[in-house]
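Open the model in your viewer and keep the selection tool ready. This tour goes stop by stop.

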Amino acid sequence: MRRNIYVDNLPLEEAQQRWQSALREHDCIQPREELIPVDQALGRITARAVYAPNSAPFYNSAAMDGIALDFRDTIGASEARPRRLETGRFTPVNTGNALPEGCNAVIMIEDLQPLADGAVEIIAPAPPWQHVRTIGEDIVISELLLPENHVVRPIDLGALLATGVAEIIVKVPPAVAVIPTGSEIVQPGEALRPGNIIEFNSRILAGYLSQWGAQAHRQEIVRDDPELLRRKLEDVTANPAFDLVVINAGASAGSRDFTAQVLEQLGTVVVHGVNIKPGKPVILAIVNHKPVIGLPGYPVSAVLTLRLFGKALVDQWLGRGPEENPTIPALMSRPLPSKLGTIDFVRVKLGQVGDKLIATPTGHGAGAVMTLVQADGILTVPAASEGIAAGAEVQIDLLRSLKEIANTLVFIGSHDNILDVITNLLHRRRPLIRLSSSHVGSMGGIMAIKRGEAHLAGSHLLDEASGEYNVPYIKKILGDVPLKLINLAWRQQGLLVPKGNPKGITGFADLKRDDISFINRQRGAGTRILTDLHLNKLGIAPEEVTGYHREEYTHMTVASAVAGGNADTGLAIMAAARALDLDFIPVAKERYDLIIPTAHAADPKVAAVLELINTSREFHDTVTGLGGYDLSDCGKLMYEQ
């Protein structure tokens, strides 16, 4: 199997210098002016909330090039005792391939030793779901994608199309041919089968180019065939209607990544590989005196590398200098590790809490388009850094205005589907209020209140000794913080199982069974504590539960794992079961409260939330319709100190 390699791994500054030098040498930049209409969706305002009709990804897919297999076949592998895997015990996969039936892990091609007879050797065991993008990892069906009164940005188009939403500006050169590539991608609205990816990257890329002042012309999908790609590149680079070419996907090192070798045949590859994350395998080339940018296939990688190299080209064509992104200092809400030797571009949400501007990462993963939808700014972690400590001051390149950020309410704590309802209703207000929610569990929310990093936190921690919710933990950890504890809802927690409960699960005792796989919540989550409480009562050790150490951060991702067949059961709220059409085995009715420091109680944003939950009939009707909620105490003061 022939694979490409990166011809460079250049420092970013050196790559930019080489690129600019080559552009001057080949006389590539020839500015011109004309007027054109814009894509209809860009700049439009949403009239109703948009929810995801499908999950993304909607199938389990390989996150790396390598082999897919059952992780149990790797148990015991070590450098001292390599494990031999015969042909038939694994399936070669490329990034994005659907995971074959019976497989639950991927081993990277770099970690394999091919043998002459077709078998391979491995020297380390693979944990379950290693290097696998699981169903709903990025977006979960019924998740709020865009609230009402939202100005649609290019990344929003991608988020909509990624889940199958097919319906819902500029007029200047240069003209850019945007070429999507890949045999697995299909147009929005086409029938889907496992292995397909809805083609939305070209919409995102063309949208940003239009926003920056270019004319973007999306081309037909080019399948994974070097001859087809060569002919397409010859056509667009010879066409005087195009000034610049952007190719999406095929820049990496997979067996179907042909972009670099085809560009070498047709012209000059100036750079292939830059020490940035995401976006390392970007290609910068020149064909027929026209710049060609080869972008990675993952949407976040594609967007960030286009911002680095494509926007500068558009600026030059328009005769304007590079735009200085507004930056602002902020404090990190939690530790952020980073790989030494690579520039790391981290997407963050921002919110002003008292005199502190708090930055919270929206998530990671080059394929997670929602991390850019939700992002307020970009944090650049230098190549010489191994990470950033919680509370450290950092500089953020803003993606939103300071006014929008000032109107952001910072919520940190336990996840609940009610937060989506609050987000949408707050977004209707004028001036609108944005809700930035970080789902780090109940204990994480309490610690954020202690550090003064949140306007409010959500918690449902049960103290086993007293049978009381939240108050014992508040007294112990937040005893010196004046605050109010306001009830949001009583909610049903239970075990989620596929429709019809095919394995006959009746309760936590079944988690000891060899044929049952469990999906857990993260440490510090109230749901995790409730799980441990029930296991302890039954005398079941975590090691006896298959999947106990596999963690998710929201009720919806737990539900998605069960709905997608990646787990037999998991503990979550009834609303998550209803949303994904799962059966629900009740376990507990628990109290979910909001912790509000007295210092923020008079903040107009906090006051708006309290007014909403106390007086809005629409709020109450919507939440009740989700299933599993009792709002009889909603808005009631449960404790004050």
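The stops below cover small sheets, strand pairs, helix contacts and a salt bridge.

The model is predicted. Keep that in mind at each stop.

**Stop 1: sheet 5-3-6**

Select strands 5, 3 and 6. They form an open sheet of three strands, in the order 5-3-6, and the pairing is antiparallel. Now look at the borders. Strand 5 (91–93) and strand 6 (105–108) are the edges; each has a single partner strand, so one side of each has no neighbour in the sheet. From one strand to the next, the twist averages 35°.

Next, keep strand 3 (residues 66–69) and strand 6 on screen. How many bridges join them? Four, and the two strands run antiparallel. Pick Leu69 to see one pairing: its bridge partner in strand 6 is Ala105.

**Stop 2: sheet 4-8-7**

Select strands 4, 8 and 7. Here is an open sheet of three strands, ordered 4-8-7, with antiparallel pairing. Strand 4 (83–85) and strand 7 (113–114) are the edge strands, and each pairs on one side only.

Zoom in on strand 4 and strand 8 (residues 120–122). Three bridges hold this antiparallel pair. Click Arg83; the bridge partner in strand 8 is Ile122.

**Stop 3: helices 2 and 3**

Select helix 2 (residues 154–162) and helix 3 (residues 201–212). Their axes come within 8 Å and cross at roughly 165°. Helix 2 and helix 3 are therefore roughly antiparallel to each other. The crossing of the two is right-handed.

Show side chains at the contact. Helix 2 brings Pro154, Ile155, Gly158 and Leu161. Helix 3 brings Arg203, Ile204, Gly207, Tyr208 and Gln211. Colour the contact of helix 2 with helix 3 by class: five residues are nonpolar, three polar and one charged.

**Stop 4: a salt bridge in helix 4**

Select Glu227 and Arg231. Their side chains meet in a salt bridge, at 3.7 Å from N to O. Why is the spacing about one helical turn? Because Glu227 and Arg231 sit four residues apart in helix 4 (residues 226–238). Searching the whole structure gives 32 salt bridges.

**Stop 5: strand 20 and its partners**

Select strand 20 (residues 327–332). Add strand 26 (residues 393–398). Strands 20 and 26 pair in the antiparallel sense, over five bridges. Label Ala330 and find its bridge partner in strand 26, Val394.

Now swap in strand 23 (residues 356–361). Does strand 20 pair with strand 23 in the parallel or the antiparallel sense? Parallel, over two bridges. Label Leu331; Ile358 is its bridge partner in strand 23. Toggle the side chains along the strand. In a regular strand, side chains alternate between the two faces of the sheet.

**Stop 6: helices 9 and 16**

Select helix 9 (residues 418–428) and helix 16 (residues 604–615). Two packed helices are described by the angle and the distance between their axes. For helix 9 and helix 16, the angle is about 110° and the axes are 11 Å apart. That makes helix 9 roughly perpendicular to helix 16. Their crossing is right-handed.

Which residues of helix 9 meet helix 16? Ile422, Leu425 and Leu426 do, facing Ala608, Val609 and Leu612 in helix 16. By class, the contact of helix 9 with helix 16 counts six nonpolar residues, no polar and no charged ones.

Note on methods
Residues numbered from 1 in each chain as written. Predicted model: local features only at pLDDT ≥ 70, side-chain atom pairs only at ≥ 80, totals over all residues. Heavy atoms only, no water. Axes fitted to C-alpha atoms, helices over the stretch in contact; angles between N-to-C directions. Parallel < 35°, antiparallel > 145°, perpendicular 65-115°, else oblique. Left-handed = near helix turned anticlockwise from the far one by under 90°. Contact = heavy atoms within 4.5 Å. Nonpolar A, V, L, I, M, F, W, Y, C, P; charged D, E, K, R; others polar. Pairing = 2+ DSSP bridges. Salt bridge = Lys/Arg side-chain N within 4 Å of Asp/Glu carboxyl O.
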